Amino acid sequence: MDNQDLTRTVSEFAEVYERNIDMVYRLCFVLLKNTADADDAVQSVFLKLFNHNKTFYEREHEKAWLIVTTKNTCKDVLKSWWRSRRVDIDVLPEKTHWDNDEQQRDILEKLLRLPEKYRTVLYLYYVEDYSVKEIAKLLDRKESTLQTQLSKGRTRLKTELGGEYRDGKPIQGSI
C-alpha cells in the first residue's frame, strides 16, 4: 500500500468518524449509563471500524454496521468480569473491618509479609471471596497450582502467627 492509499484511508476514516461520533457516543451512553465506559466503548467501536477496513457503499449500511457494533461492544462491557466485580466508591465503608479487631489486623499484617505468590492467592481467596477457579482465571494459573499455593500459604501464615488458626481464631492450646 503506498502513502496515497494510506492517506485516503485515514481521511475516509476521519469522515466516517465525524459523521457518526455523536450517534455512537449517545448510544453508548444510553446503554452504559456513565461517561467513562461510554468513552471506552466509543473508542473500541471506531478501533474495530479502523481495523476492519470495511468499505460501505451507502451511508445507511455504514450507520447500521456502527449501531450493531456499538450495541455488541456495550453488551460485552456490561457482561465483562471487570464490571461485575467493581463497586462504586460511595458504597465502600470509610473504615475497614480490620480497623476494629486487633487480631484480624495482626493476621492481615502477617499476610502482607508473605511472599507475593502466597499473599495474592490467600488475599483473593479469604478477603475478596474469590473461588479457586476465579483466581486461576484472574492470575492465568492452573487450579492445582493455586490449591498448592493456598495450602503452603496457610501453613506459612500459621507459622508466622505462632500457632494453629481456624477461621481467623486461634485453636485452644496452640499458642
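**Exercise 1. Cysteine 74 and its surroundings**

Cysteine 74 touches Cys28, Leu31, Leu32 and Ala41 when residues up to four places away in sequence are not counted. The model is a predicted one, and the task is to work out where cysteine 74 lies and whether cysteine 74 counts as buried or exposed.

*Solution.* Begin with the element that holds the residue, and note that cysteine 74 is found in helix α3. Next, take the relative accessibility, which is 1% for cysteine 74, and compare it with the cut-off, by which buried means under 20% relative accessible area. Cysteine 74 therefore counts as buried. As a last step, look at a pair of positions: cysteine 74 and aspartate 37 are 37 residues apart in sequence, and their C-alpha atoms are 8.6 Å apart in space.

**Exercise 2. The packing of α2 and α3**

Describe how α2 and α3 pack, giving the angle, the distance between the axes and the hand of the crossing.

*Solution.* First establish the geometry: α2 and helix α3, which covers residues 59–78, pack at an angle of about 130°, and their axes are 9 Å apart. This angle makes α2 oblique to α3. The hand comes next, and α2 passes α3 in a right-handed crossing.

Now find the residues that meet. On the α2 side they are Asp37, Ala41, Ser44, Val45, Phe46, Lys48, Leu49 and His52, while the α3 side offers Trp65, Leu66, Thr69, Thr70, Thr73, Cys74 and Val77. Sorted by class, the residues of this contact divide into eight nonpolar, five polar and two charged.

**Exercise 3. Two residues from the contact of α2 with α3**

Compare threonine 69 and lysine 48 by answering, for each, which helix it lies in, which residues it touches, and whether it is buried or partly exposed.

*Solution.* Start with threonine 69, which lies in helix α3. With a relative accessibility of 10%, threonine 69 counts as buried, and, leaving aside neighbours within four places in sequence, threonine 69 is in contact with Val45 and Lys48.

Then turn to lysine 48, which is found in helix α2. Lysine 48 has a relative accessible area of 36%, and so lysine 48 is partly exposed. When neighbours within four places in sequence are left aside, the contacts of lysine 48 are Trp65, Thr69 and Thr73. A distance completes the picture, since lysine 48 and leucine 66, although 18 residues apart in sequence, have C-alpha atoms 9.6 Å apart in space.

**Exercise 4. Two helices that pack on α8**

Work out how α6 and α7 are each oriented towards α8, and which residues make each contact.

*Solution.* Take α6 first: helix α6, residues 116–127, and helix α8, residues 143–161, pack at an angle of about 95°, with their axes 9 Å apart. The two helices α6 and α8 are therefore roughly perpendicular to each other. This contact is made by Lys117, Tyr118, Val121, Leu122, Tyr125 and Tyr126 of α6, together with Leu146, Gln149, Leu150, Lys152, Gly153, Arg154 and Arg156 of α8. By class, the contact of α6 with α8 has seven nonpolar, two polar and four charged residues.

Now repeat the steps for helix α7, residues 132–139, which packs with α8 at an angle of about 110°, their axes being 9 Å apart. Consequently, α7 and α8 are roughly perpendicular to each other. Val132, Lys133, Ile135, Ala136 and Leu139 of α7 meet Glu143, Leu146, Gln147 and Leu150 of α8. Six nonpolar, one polar and two charged residues make up the contact of α7 with α8.

**Exercise 5. A loop residue and the whole chain**

Locate lysine 33, state whether lysine 33 is buried or exposed, and then describe the chain as a whole.

*Solution.* Lysine 33 lies in the loop between α1 (3–32) and α2 (35–52). Its phi is near 65°, a positive value in a residue other than glycine. At 67% relative accessibility, lysine 33 counts as exposed.

For the whole chain, count the elements: there are eight helices and two strands, and along the sequence they follow the pattern α-α-α-α-α-α-α-α-β-β. Of the 175 residues in the chain, 26% are buried. The accessible surface comes to about 12800 Å², and 50% of this belongs to carbon and sulfur atoms. Finally, among contacts between residues at least 6 apart in sequence, 54% join residues at least 24 apart.

Definitions and conventions: Residues are numbered from 1 along each chain as its sequence is written. This is a predicted model: local features need pLDDT of at least 70, side-chain atom pairs count only at pLDDT 80 or more; totals for chains, interfaces and linings use all residues. Side-chain values use heavy atoms; hydrogens and water are left out. Helices (H or I, at least four residues) and strands (E, at least two) are DSSP runs, numbered from the N terminus. Buried means under 20% relative accessible area, exposed over 50%, partly exposed in between (1.4 Å probe, protein chains only). Contact means heavy atoms within 4.5 Å. Accessible areas come from the Shrake-Rupley method with a 1.4 Å probe; for residues, only the protein chains shown count as cover. Axes are lines fitted to C-alpha atoms, for helices over the stretch in contact, and angles run from 0 to 180 degrees between N-to-C directions. Angles under 35 degrees count as roughly parallel, over 145 as roughly antiparallel, 65 to 115 as roughly perpendicular and the rest as oblique. A crossing is left-handed if the near helix is turned anticlockwise from the far one by less than a right angle, and right-handed if clockwise. Ala, Val, Leu, Ile, Met, Phe, Trp, Tyr, Cys and Pro count as nonpolar, Asp, Glu, Lys and Arg as charged, and the others, Gly among them, as polar.
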